[in-house]
Amino acid sequence: EAELPDDIIPAETESEAETPSGEGKHSRVSPFQVPADYQEAYDAVYKVSSEHLKGVTNNGGKYGNSVLANLTDGDVNTHWETGRANSASFKNSVTFTFDESVELGSMVYYPRVRGAVNKGFPKAFSIYASASEGGEDFTLVLNEKASVTAGGTQITFDNPTEFRRLRFVFDEANQNWAAAGEMAFYLPDPLVDEVDQLFADGTMSSLKPKYQDEALLREMLEKAMTHPNQLLAEKVQTALDIQTKAVDYASKVQVIEQRGNGVNHARKVLKTSSYASNLLPTGWAARPGDVIKVYVQADENGPMPTLVFTQQMGHYGNWRRNYQLHNGENIFTAPTIYSEKWAVKSAKGGAIYVENPYTPEEQGEAPKIRVEGAIDYPLFCDGDDEEAFLEELRAYQEEKNAHPDTTVDIVELYSDWFILNGNLQAAKPFLDSGRSPQVTVDLHNS
């Protein structure tokens, strides 16, 4: 269990990044989307204080100093880990007893972030409720699956549910050893439920018919403005912008290609070792600290794509971070994939890619994404309008010269066969010598 540097979030393995089909509503399991700026105010209103927990018990003991008290100490950097592994005959569980019956709308699970990061994550779990303080009179509330992911995972109940005791069962745990950094419980939040119903799909680019009413949206916005999580107000404002045609969000939606697993094909069929990539360029880039929002619509019964942040001109073995995407809104802070110890310094930041190594038969409907908050860099795809690309390239060169600290020095050419990743200096012949980006693509294709 070697410790990783604080700024390193390990890329999820292929098995960890799988998204299960699951049953029931997809919204049951999603990233906890309360930004850090608002969480203290939000928790003050909606979080059930640990003071209302009368006790926490489990059936598998503890490992070393990873004690059960760490589950509710308010610090996600500490963790509990079981002393007994899951097996065919044993499933780890944790039971929380409240000092009185409480109606919950959701709970949030935080993974282990120290040592063996994400070890113990509940890939499949069940939640039971009991109205009494003792005994085994538990009733199943839900059972679900989840993808290993960084940050809090919010588990929302279909309806507000009464608990005197809540039992969380790790039906399948990452590496079989159940663990958690923190578990938190939240009261029902009706405005969240209503805002979640605004949009026709996960790209949040069109509205459901019921909400195509400007007066209704303005009334909802007034409520959202006083809500402790101001992210809700942003969503309602997006809905209002769609209704009033102030912003054409639908034009920003990208359809993700479904080529299948090119890496496996190269290695297992073509026998070309480490050649090939499943990276799909988006035309977006980010610098460390940028807040990037990705809105996703994908088939709930198929695997989900992965978002990949990169460092342009980085270290050979440390240049990318993978994050599992979920339907709806995904919020990321672009990671630092950079070290001041590098002998050769480069600008921080790089391209954002999507990995989607699935075919339509494996995945169903092609995923769609919309990206907000990222840097739009010049990307020429095979067959694109050359004049439009050159105009974009020229404008980006001017932007880079004027604002070097808020741009990423990147230009890409792309086809079914290759990704040519370079910088503005490499692209100068297109502007200064009349060279053709399409001819460059044709040569690489050949």
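Lys 293 lies in strand β12 of this predicted model. With a relative accessible area of 16%, Lys 293 is buried, because the cut-off for that class is under 20%. The side chains of Lys 293 and Glu 234 are joined by a polar contact of 2.4 Å. Leaving out residues up to four places away in sequence, Lys 293 touches Leu 231, Glu 234, Glu 329, Asn 330, Ile 331, Arg 370, Val 371 and Glu 372.

**The sheet around β12**

The strand order β10-β17-β12-β15 describes an open sheet of 4 strands with antiparallel pairing. Its edge strands are β10 (254-255) and β15 (328-333), each of which pairs on one side only. Strand β12, residues 291-297, is joined to β15 by 6 bridges in the antiparallel sense. Within this pairing, Val 291 has Thr 333 of β15 as its bridge partner. Helix α4 (residues 231-243) packs on the sheet and touches β12, β15 and β17 (368-372). The direction of α4 makes about 130° with that of β15.

**Helix α4 and helix α3**

Gln 243 is placed in helix α4. Its relative accessibility is 24%, and Gln 243 therefore counts as partly exposed. Between Gln 243 and Glu 214 the C-alpha to C-alpha distance is 6.6 Å, although the two are 29 residues apart in sequence. Not counting residues up to four places away in sequence, Gln 243 touches Leu 207, Gln 212, Asp 213, Glu 214 and Leu 217.

Helix α3 spans residues 214-224, and Leu 217, Met 220, Leu 221 and Ala 224 are buried in it. These buried residues cover an arc of only 105° around the axis, so they are on the same side of α3. An α-helix has 3.6 residues a turn, so residues three or four places apart point the same way. On the other side of α3, Ala 215 and Glu 222 are exposed. The buried residues of α3 pack against α2 (190-195) and α4. At the N-terminal end, α3 is capped by Asp 213, with a side-chain oxygen 3.0 Å from the backbone nitrogen of Ala 215.

**A sheet of mixed pairing**

An open sheet of 3 strands, with mixed pairing, has the order β19-β20-β21. Strands β19 (379-381) and β21 (419-422) stand at the edges with a single partner strand each, so one side of each has no neighbour in the sheet. From one strand to the next, the twist averages 10°. Strand β20 (residues 411-414) and β19 run parallel and are joined by 3 bridges. Leu 379 stands opposite Glu 412 in β20. Helix α7, residues 386-402, packs on this sheet and touches β19 and β20. The direction of α7 makes about 165° with that of β19.

**Nonpolar cores**

The largest nonpolar core has 43 residues, and Ile 292, Val 294, Leu 307, Phe 309, Ile 352, Phe 389 and Leu 413 touch the most other members. The elements that give two or more residues to this core are β11 (279-286), β12, β13 (306-315), β16 (350-355), β17, β19, α7 and β20. With 5 residues, β11 gives the most. Another core, of 31 residues, lies apart from the largest one and includes Leu 71, Val 102, Ala 129 and Ala 173.

Phe 389 is in contact with Pro 378, Leu 379, Phe 380, Val 411, Leu 413, Phe 430 and Pro 437, leaving aside neighbours within four places in sequence.

**Positive phi values**

Most residues other than glycine have a negative phi. Two residues with a positive value are listed below.

| Residue | Phi | Location | Relative accessibility |
|---|---|---|---|
| Gln 175 | near 65° | loop between β7 (153-173) and β8 (179-180) | 46%, partly exposed |
| Met 313 | near 60° | strand β13 | 64%, exposed |

The phi of Gln 175 is a positive value in a residue other than glycine, and so is that of Met 313. Met 313 counts as exposed because its relative accessibility of 64% is over 50%.

Key. Residues numbered from 1 in each chain as written. Predicted model: local features only at pLDDT ≥ 70, side-chain atom pairs only at ≥ 80, totals over all residues. Heavy atoms only, no water. Pairing = 2+ DSSP bridges. Contact = heavy atoms within 4.5 Å. Axes fitted to C-alpha atoms, helices over the stretch in contact; angles between N-to-C directions. Buried < 20%, exposed > 50% of the residue type's maximum accessible area, 1.4 Å probe, protein only. Arc of directions from axis to C-beta. Polar contact = N/O pair within 3.5 Å; in protein donor to acceptor, adjacent residues only side chain to side chain. Core = buried A, V, L, I, M, F, W, Y, C linked by side-chain atoms within 4.5 Å.
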